[in-house]
Amino acid sequence: MMGPRMDATAQPAQNSVMSPPRRPSSSHADRPSETLQKNNSSNSGVILDISTLKMADVDSEVPPLPPRYRFRDLLLGDQTFQNDDRVQVEFYVNENTFKERLKLFFIKNQRSSLRIRLFNFALKILTCALYILRVSLDDPKEINPRAMCRNSSFLNATDSREINWELIFWVTRREPVWAIQVTVALISFLETMLITYLSYKGNIWEQFFQISFILEMINSVPFIITIFWPPLRCIFVPVFLNCWLAKGALENMINDFHRAIQRTHSAMFNQVFILICTLLCLVFTGACGIQHLERAGKNLSLFDSFYFCIVTFSTVGYGDVTPQIWPSQLLVVILICVALVVLPLQFEELAYLWMESQKLGGNYSRHRAQTEKHVVLCVSSLKIDLLMDFLNEFYAHPRLQDYYVVILCPTEIDIQVRRILQIPLWSQRVIYLQGSALKDQDLMRAKMDDAEACFILSSRNEVDRTAADHQTILRAWAAKDFAPNCPLYVQILKPENKFHVKFADHVVCEEEFKYAMLALNCVCPATSTLVTLLVHTSRGQEGQLSPEQWQRMYGRCSGNEVYHIRLGDSKFFGEYDGKSFTYASFHAHKKYGVCLIGVKREDNKSILLNPGPRHIMAASDTCYYINITKEENSAFIFKQEEKNSKGLPGTGLYDAPSRLPVHSIIASMGTVAIDLQHPDPPEESSKLTVPAENGAGSRRPSIAPVLEIADSTAILPCDLLSDQSEDETNQSDEEGSVGSDFVKGYPPNSPYIGSSPTLCHLLPQKAPFCCLRLDKGCTHNSFEDAKAYGFKNKLIIVSAEMAGNGLYNFIVPLRAYYRPRKELNPIVLLLDYPPDNHFLEAICCFPMVYFMAGTIDNLDNLLQCGIIYADNLVVVDKESTMSAEEDYMADAKTIVNVQTMFRLFPSLSIITELTHPSNMRFMQFRAKDCYSLALSKLEKIERDKGSNLAFMFRLPFAAGRVFSISMLDTLLYQSFVKDFVIAIMRLLLGLDTTPGSGYLCVMKITEEDLWIRTYGRLFQKFCSSSAEIPIGIYRTESHMFSTSESQMSVNVDQAEELRDRGDSWKKKAPRNSTTSDQSDHPLLRKKSMQWARRLSRKNNKPGSRAERISQQRLNLYRRSERQELSELVKNRMKHLGLPTVGYDEMNDHQNTLSYVLINPPPDTMLELNDIVYIIRPDPLAHMPEDSQVGPTHSSRNQQDFGTETRDETHL
């Protein structure tokens, strides 16, 4: 656009400031200025407005500056500056010539050129419409009186084969039609010549031989000639060729339109538009040309010609309408040749663009973004497992069914992912876009600013996980910069990188959760399974058709999740307004089967797990509870009305009005019907008495009631199921031996920014780095193996590749202040690479934490680090093996190494982390185990039913022996609907310690506790005595895993032999989470063997005697193999100078299965060796700040198990 002229009149203010006033000049002095201004009027550069130009001034001195530039003259009042000369300089943005102005208007300026092109397009369409009008008014038989130049030699043809050329060259044209056509032709001619003149760049012939110029001349010049030569007014002019000019004008007009509105259209749209226009022009040209030529032949109408062209170009060719004379036939041949050349090129370009657009994924339209709800998933590489986990978990919530998922990934879509997205279930709701989150164009394509949320996931399979975190951080920054109001859900790998994305709404650090969960697995068995089941969406229908009782119960309880509701709006908890938290939790569980685990005040953002009985519930509190579905989707059916429910005494015993109901929980699609019944039990069951064989005189005859308002004298800080005097005796015997030199405090050195401070057991002084090395002595001690240290408790060994900052989160939960000192397990870090000083500085303050360089595939390293004296071995997935050429082979080395340790040390509890959850079926692999085969078929059945937890029935997962961090991806996905779930899981795992919030621990059921009988009565016992909230049970059952049906008899004989040896084994065997007393349970279960027999499809005929003998020989071979492995281990121990006593006492207890029951019904019967998960209140919540936290009173180990074993084990 042409810039404004900056003269003196237009800018008086600027002239008054920037230049001095003009000196008066004589009349003859203005002439050079005027001459110079005239000479420079045609130039676009600089205009010199010189008021005075004298030759004498050239040699004279430069006149002084005005006062505003010369401070001395301003002070002296010098006025000579008023007569100074002035030179005005004017600048122009564009050239000022007439041609340039026309060029700017017609070509360069988008808005004006758009109007010109629109006018030109309208003219071409008008000429085509006039041609159609002329054809409709034309009659070849009509004699045209204006055809004065007709030659008498042109006679009407009597034979149809002869061509009447007169009808081809001459037409009937009405006077008004001619006048309009002449006017339009004249305008088009002038416009064409003007555009040609403005576009001239030195080669005139290049302009003349353009196709558009030739067509313009053909369609406009003849009409202009008819103005001066009237006899030619009826001559035929192929005006229908203007359709091609209209096509070009339309294309240019669309381009100008997008340039004017500063928006770009896709190449696919442009190519489709060109193809459609080309087809229309070919059909219109063919129809008009054939119709005109056939005037001398069959005299086809315009519609018949159009019909013929459509039939011909579609390759149908009916043959009912055909051209009769050779000129029209020649035109058809030419059109077909042109179509064969032009259309394939257009289709090829269109196909290429379509394929490229399929790779890129297209766009998500602005209209859809404003009318629909969508979320954006940003990943660096999209795998099929990641996609299916996200989609299944995201769309598991009913209110998210109308949401769309836009995937933004920089890599080309994978073939498997493409197949999944073509399934009708996902094709309408999932959109894949290839692009980068760092480009605003790609974020615009995904309509990030209109998205409901943005999920940014890290690529955990990368070799360099730090680089993967850096990419995630940049994506998060780019998304926040582009769409500040879009909620961000970020997954980070390394804890040291977490503070870079602290601004995100929800952040899940993979290594923090992984190590904290693996640590709790050592003291609270199967914590990984517990958390995984809680964060997965399930209806509780898995395994309900199985004949196995444990699978039905385990599958039903797996449907429990964490929900929240405001107390004032709740039917579950609304009646407990003004009551204590413990009272509300117990009675809600007794009445509705829901487990209240936490609460949040309206004026406090922190969630408190089990704040204790001193917390009084208010109507504005937000309650967090575990149930099979949320309260809004529950239907309450009362079979029998409660009698005198409102008149219950608050301090009464566990009598009939508050009796335990029989719960029938029926899970349906989004709704659970809770059947509340109140049957009348026998009279003798109204009082809970202790069985005589367990010593009735030493216990209270019943369980104390739960008080509505807490009594500070009745609540013990860490009360257990036995008397307090027993605990005091045990503690007094061992207080001075273990933990007497530990102090409580906060770790002085945090390895990374953003770690939550946790009160821990610490050493009074930091240990020297040399003392942290387990296998090498130093000047402070000479110990070189675990045996020499003489640890009282069993070891916890962690095998990792390197000492990352995540290992810090493994140590902190095991050294938290609420862990009793006498029950702290020594921790040995078995590392492939020695740790650096930065990591040693962070762990040197913790007691009984050591490291050793070695690997799990080296038997000597395992024996030196004390695997014989270990209770748990944690195998962490190594970063270097997370990526492989074949994805699912990344776990090959880990699985084989763990299988080797499983064979060498059968009683060791090995907790393994895998990269891919599907590989957990290879853990503790038995090649001919019919029961594992049955479980594999059950897994396939559940997967076909659409279960998100098809792998849950695998025995290693159910027992908490295997874990994959990808299982916790759903934690981030669920936070979109449940914004509290990450905070609750961090509190549950001990990653965050909020003052007043409880912590997770366990308690083992022994023979002295079986008098409680049911889980509901146990709930009351915990709430009334120690204000603890149970949330589930870890149950271990004996089971025989036979290799074939014919071997069952042999296994029965072995069972009898083992039963005979039960008493002696019971005295030696330690109590742990993965084994149970085999003398108390049958080794074979009838239903289990029937189910395995049916699914294995074996013959039910009993084996012959020869088969039995062969099986006995096989059994002897296996025993000899076991002895061979034992001799191998003993020889290596002797070579290393280690005693073999500990290894001789290790027993093979592999014939057990364990599983987790989350929030079981209150009428669930307790079994021996059940381990109960409980949330214990914070012991520091109601203590004075200046008081020192002393050791808690405990009658038995409530957060660990197998205390008797630890007391007897001296290494």
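This passage walks through the aromatic contacts in a predicted model. A search of the whole structure turns up 37 aromatic pairs.

Take Phe572 and Tyr625 to begin with. Their ring centres are 5.8 Å apart and the planes meet at 85°, so this pair counts as edge-to-face, given that anything over 60 degrees falls in that class. Phe572 sits in the loop between β9 (561–566) and α24 (581–592), while Tyr625 belongs to strand β12 (residues 622–627), so the contact ties together parts that are 53 residues apart in sequence. As for solvent, Phe572 is buried, with a relative accessible area of 0%. Tyr625 is buried too, and its relative accessible area is likewise 0%.

Tyr789 and Tyr850 make another pair, with a different geometry: the ring centres lie 5.0 Å apart and the planes are at 50°, so this one is tilted. Here a helix meets a strand. Tyr789 comes from helix α26 (residues 786–789) and Tyr850 from strand β20 (residues 849–853), so the pair ties together parts that are 61 residues apart in sequence. Both tyrosines, Tyr789 and Tyr850, are buried.

Aromatic side chains also gather in a bigger group. Phe390, Phe394, Tyr395, Tyr403, Trp426, Phe455, Tyr489, Tyr973 and Phe976 form one aromatic cluster. One of its members, Tyr395, also has a charged neighbour: the charged end of Arg429 sits over the Tyr395 ring, 4.0 Å from its centre. A similar arrangement turns up with Trp178, whose ring has the charged end of Arg233 over it, 4.0 Å from the ring centre.

Note on methods:
Residues are numbered from 1 along each chain as its sequence is written. This is a predicted model: local features need pLDDT of at least 70, side-chain atom pairs count only at pLDDT 80 or more; totals for chains, interfaces and linings use all residues. Side-chain values use heavy atoms; hydrogens and water are left out. Rings of Phe, Tyr and Trp (its six-membered ring) pair if their centres lie within 6.5 Å; planes under 30 degrees apart count as stacked, over 60 as edge-to-face and the rest as tilted. Helices (H or I, at least four residues) and strands (E, at least two) are DSSP runs, numbered from the N terminus. Buried means under 20% relative accessible area, exposed over 50%, partly exposed in between (1.4 Å probe, protein chains only). A charge sits over a ring if NZ of Lys or CZ of Arg is within 6 Å of the ring centre and within 35 degrees of the ring normal.
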